[in-house]
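I opened this notebook to keep track of what I looked up in the structure. The entries follow the order in which I went through it.

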Amino acid sequence: MRTMWATIAVIAISILIFFLEFPRLKRKKKTKEIWCFSTLLFIAATVSILESRNVKLPNPLDYIQAFYTTIHSWIGL
């Protein structure tokens, strides 16, 4: 029940942010900024919803470590 309210809160805040920022960008005819803003807001909202639902998300450092471990094994150090 608690995760449902957290999800609703994230969605509501994301919608609020969108409706506050989008008209300004549209009025100034900044289409690139609208796409960038919308994409980043969508990604941030998605990650926030997944975090609020306790979904195990990968840590970016795990990918970096895997990359360098592979390079290290190729070099043979």
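**Arginine 24 and its partner**

I began with arginine 24, which is partly exposed, with a relative accessible area of 42%. I noted first that the model is a predicted one. I then asked which side chain arginine 24 meets in a salt bridge. The partner is glutamate 21, at 3.4 Å from N to O. Glutamate 21 is also partly exposed, its relative accessible area being 30%. I looked up where the two sit: both are in helix α1, three residues apart, which is about one turn of the helix. As a reminder to myself, an α-helix has 3.6 residues a turn, so residues three or four places apart point the same way. Side chains of opposite charge can pair when their charged atoms come close. I checked the count of salt bridges, and it comes to one.

**Overall layout**

I stepped back to the whole protein. It has three helices and zero strands. Along the sequence the pattern reads α-α-α. The radius of gyration is 19 Å, well over the 11 Å that the globule rule gives for 77 residues, so the protein is more spread out than a compact globule. I looked up the box that the C-alpha atoms fill along the principal axes, and it is roughly 55 × 40 × 10 Å.

Next I turned to the surface. The protein exposes about 6800 Å², and carbon and sulfur atoms supply 71% of that area. Of the 77 residues, 13% count as buried.

**Aromatic rings**

How many aromatic pairs does a search of the whole structure find? It finds four. One of them joins phenylalanine 18 and phenylalanine 22, whose ring centres are 5.0 Å apart with 20° between the planes, and this pair is stacked. I checked their spacing in the sequence: they are four residues apart in helix α1 (residues 2-27), so about one helical turn separates them. Phenylalanine 18 is partly exposed at a relative accessible area of 26%. Phenylalanine 22 is partly exposed too, at 23%.

Phenylalanine 18 has another entry in my notes. Its ring and that of phenylalanine 37 have their centres 6.4 Å apart and their planes at 15°, so this pair is stacked. The pair links distant parts of the chain, since phenylalanine 18 is in helix α1 and phenylalanine 37 is in helix α2 (residues 31-52), 19 residues apart. Is phenylalanine 37 buried or exposed? Its relative accessible area is 18%, and because the cut-off for buried is under 20%, phenylalanine 37 counts as buried. I also noted that ring pairs link Phe18, Phe19, Phe22 and Phe37 into a cluster.

**Serine 14**

I stayed in helix α1 and looked up serine 14, which has its place there. Serine 14 is buried, with a relative accessible area of 14%. I then asked which residues serine 14 touches, not counting those up to four places away in sequence. They are Leu41 and Ala45.

**Loops and backbone angles**

I went on to the phi angles. Most residues other than glycine have a negative phi. Lysine 29 is not a glycine, yet its phi is positive, about 55°. I found lysine 29 in the loop between α1 and α2. Its side of the ledger for accessibility reads exposed, at a relative accessible area of 71%.

Asparagine 54 is a further entry of this kind: it is not a glycine, and its phi is positive at about 60°. Where is asparagine 54 placed? It lies in the loop between α2 and α3. At 67% relative accessibility, asparagine 54 counts as exposed.

**Helix α3**

I finished with helix α3, which covers residues 60-75 and has 16 residues. From its first C-alpha to its last it reaches 23 Å, close to the 22 Å expected at 1.5 Å a residue. I looked at what comes after α3 and found glycine 76, whose phi is positive, near 85°.

Key
Residues are numbered from 1 along each chain as its sequence is written. This is a predicted model: local features need pLDDT of at least 70, side-chain atom pairs count only at pLDDT 80 or more; totals for chains, interfaces and linings use all residues. Side-chain values use heavy atoms; hydrogens and water are left out. Rings of Phe, Tyr and Trp (its six-membered ring) pair if their centres lie within 6.5 Å; planes under 30 degrees apart count as stacked, over 60 as edge-to-face and the rest as tilted. Buried means under 20% relative accessible area, exposed over 50%, partly exposed in between (1.4 Å probe, protein chains only). Contact means heavy atoms within 4.5 Å. A salt bridge is a side-chain nitrogen of Lys or Arg within 4 Å of a carboxyl oxygen of Asp or Glu. The expected span of a helix is 1.5 Å times one less than its number of residues. The radius of gyration is taken over C-alpha atoms; the globule rule is 2.2 Å times the number of residues to the power 0.38. Accessible areas come from the Shrake-Rupley method with a 1.4 Å probe; for residues, only the protein chains shown count as cover.
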